Amino acid sequence: METDQIIVIMKNVCHRTELKKNLVGRGAEIPVHLHQAATNTLVYPFSQPLRQEPTVGVKFVSAGTAACIADMITFPLDVAKVRLQIQGEGLATNTLRNKGMFGMMVNIIQKEGPKSLYNGLCAGLQRQMCFASVRIGLYDSVKNQYNDIASGVIPAGHVSIRILAGVTTGGMSVVFAQPTDVVKVRMQAQVSGVAQRYVGTMSAYRTIAVEEGMKGLWKGTLPNITRNAIVNAAELVCYDLIKEFILTRNLMSDNVPCHFTSAFAAGFCATVVASPVDVVKTRFMNSHHGQYTGAIDCALKMFKEGGFTSFYKGFMPSFIRLGSWNICMFVTFEQLKRLFTHLNQGSIVPPVPKVYAAIPSATPKEAVPVGKPHHFCPIVINQWD
């Protein structure tokens, strides 16, 4: 049995409250070694920092799974964000003229039903499995490769190396996930009660391929690569740096509060940097065939219609959505990495019975000197914490 497993079992041997009550009730002084065991709480292995770096496979799967979980939780916010961003185009404008994300969500529920808040969820989950697995799961590996290449020229872990790694994985992920992103945006933009462009996710893939060709499925690739390269660099680099700052100064331990704080800050930075590109990307990908000649034409027309502020349309919804998504994703990602790694190492210990300490009846009531031998009779009870 490994040392860590023995320690975890020993920590569960003496239940703190019962042990103190038993010893103090008999007028005995609690021995130092039993006092330490009793006051330590049971800590499961996967809540502790890892002893070794997770494998690329573990990071890849953990990132995709965590992103899907985050998407399912925050998807209504994403639908409302898309509807706000496309205000000013066609039917969506006349039907859903709202102020604010929650006003939009209430209007969607009233007019289209709660189910409409999950329009495009299937394509969204497909997108995350392709997209987040690459951009987040491969980030550390790409960063390490760049560190090796720049060894002796740029210090390891330099900000420029991290930004380059974030831009690289962000751009790579779009190549794999662009068709799913196009379908997701178009499904989210559909308004119930009017003629539907697509009846389902697979229908959307087929319809776009037939009507617009394979090129239609990769529509908006350039603005999406730009957007995701920027978002990924801002998001992952901010998370990386803030987490490192917190840990090196011992402000928090490497656990959920640290991950939460780092993810929240990363979401804000990413929204500020990427909001203009995100709005252009959403408008262009949702456009009908021939509406814009390209992403630059889309941006110019947006500027003429609404000025500079049109590029930050839906900023608060974007921040609420991206901030909450980052928190859900990074917290889940960190825990899944640890869980999968410990499962792979076989170091997760099953629960053990409570063991209470009993002092023999012959023990005098006066305090037992710490330096002398003590009698400790464990009583095993078939009960679990």
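Hi everyone. Let me start with a word on residue classes: Ala, Val, Leu, Ile, Met, Phe, Trp, Tyr, Cys and Pro count as nonpolar, Asp, Glu, Lys and Arg as charged, and the others, Gly among them, as polar. Keep that in mind as we look at the cavities of this structure, which is a predicted model.

How do we find such spaces? Rolling a probe the size of a water molecule over the atoms shows where empty space is left. Here, the count is three cavities of 30 Å³ or more.

Let's visit the largest cavity, which holds about 170 Å³ of space. Its lining has 20 residues, and the closest to the centre are Arg127, Gln128, Phe131, Arg227 and Arg321. By class, the lining of this largest cavity has eleven charged residues, six nonpolar and three polar. Which helices should you look at? At least two lining residues come from each of α4 (56-85), α7 (121-135), α9 (159-189), α12 (221-248), α13 (256-286) and α15 (315-345).

Now on to the second largest cavity, with a volume of about 80 Å³. The elements giving two or more residues to its lining are α12, α13 and α15. Which of them gives the largest share? That is α13, with five residues.

If you'd like to find this second cavity on your screen, its lining includes Lys81, Arg227, Val231, Asp278 and Arg321. Ala270, Thr271, Ala274 and Ser275 are also among the residues that line the second largest cavity. Here the classes come out as four nonpolar, three polar and four charged.

That's my tour, thanks for listening!

Notes. Residues are numbered from 1 along each chain as its sequence is written. This is a predicted model: local features need pLDDT of at least 70, side-chain atom pairs count only at pLDDT 80 or more; totals for chains, interfaces and linings use all residues. Side-chain values use heavy atoms; hydrogens and water are left out. On a 1 Å grid over the protein atoms alone, a cavity is a set of points where a 1.4 Å probe fits but cannot get out, and a pocket is an open set with protein on both sides within 12 Å along at least five of seven lines; lining residues have an atom within 4 Å of a point. Grid points are joined across faces, edges and corners, and a volume is the space filled by probe spheres set on the points. Helices (H or I, at least four residues) and strands (E, at least two) are DSSP runs, numbered from the N terminus.
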